[in-house]
Amino acid sequence: MNILVEPGKRFDVLQRFVMELLDGQKDPVVAQYYGAFASVGANTLVSYPLCYVREIFTQLRCCEAVDLLLNILSHLDAHQTCTDNGLAWKSIVKVAIILRMLEMQWVGSQGPFMLTPVGTKPQLAF
């Protein structure tokens with residue numbers, strides 16, 4: 001996969017892609033670049049196979065959070081060879097937590113499972 005997202009647009013596309021991953025609502029900007037890699041279920045929610053998620057994050061590398069996500073996703077392949085220790089699930093949970101933390105930073109805490117009070121926008125350091 002080699003889709004060019006102009007450097008000045010990467011952060012915007014990254015934010016939109018993360019939100020699409022979390023809520024499943026199709027974003028036209030993300031679809032312009034990565035729609036061919038998405039799956040749309042009967043409920044019309046958009047999802048992406050993990051192998052494509054890692055490649056999309058590689059294309060959108062523009063901040064420390066993406067570097068951390070790529071590091072975790074790179075370990076996921078190694079953990080999948082041994083299924084009895086739970087390390088693959090641990091990696092998936094880490095990715096999910098980081099995505100939710102990014103959501104809180106960008107749009108503020110909104111739901112009952114958020115880690116900070118509703119409406120706050122924590123600044124994250126990686």
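Guide: Buried means under 20% relative accessible area, exposed over 50%, and partly exposed in between, with a 1.4 Å probe and protein chains only. The model is predicted: local features need pLDDT of at least 70, side-chain atom pairs count only at pLDDT 80 or more, and totals for chains, interfaces and linings use all residues. Residues are numbered from 1 along each chain as its sequence is written, and side-chain values use heavy atoms, with hydrogens and water left out.

Visitor: Is Glu103 buried or exposed?

Guide: Glu103 meets Arg100 in a salt bridge (2.8 Å, N to O); the term denotes a side-chain nitrogen of Lys or Arg within 4 Å of a carboxyl oxygen of Asp or Glu. Both residues lie in helix H5 (residues 87-107), three residues apart, about one turn of the helix; helices (H or I, at least four residues) and strands (E, at least two) are DSSP runs, numbered from the N terminus. Arg100 is partly exposed at 35%. Glu103 has a relative accessibility of 8%, so it counts as buried.

Visitor: Which residues are joined into one network by salt bridges that share partners?

Guide: Arg16 forms a salt bridge with Asp12, the closest N and O atoms being 3.1 Å apart. Arg16 and Asp12 both lie in helix H1 (residues 10-23), four residues apart. Salt bridges that share partners give one network, and its members are Asp12, Arg16 and Asp27.

Visitor: How far apart are the closest N and O atoms of Asp67 and Arg61?

Guide: Asp67 is partly exposed at 35% relative accessibility, and Arg61 is partly exposed at 43%. The two residues form a salt bridge, and their closest N and O atoms are separated by 2.7 Å.

Visitor: Which helix gives the most to the lining of the largest pocket?

Guide: A pocket is an open set of points, on a 1 Å grid over the protein atoms alone, where a 1.4 Å probe fits, with protein on both sides within 12 Å along at least five of seven lines; lining residues have an atom within 4 Å of a point. H1, helix H3 (50-59), helix H4 (64-79) and H5 each supply at least two lining residues. With four residues, the greatest contribution comes from H5.

Visitor: How many residues of that lining are charged?

Guide: The lining includes Leu21, Tyr48, Ser91 and Val95. Ala, Val, Leu, Ile, Met, Phe, Trp, Tyr, Cys and Pro count as nonpolar, Asp, Glu, Lys and Arg as charged, and the others, Gly among them, as polar. The lining holds 10 nonpolar residues and one polar, and the number charged is no residue.
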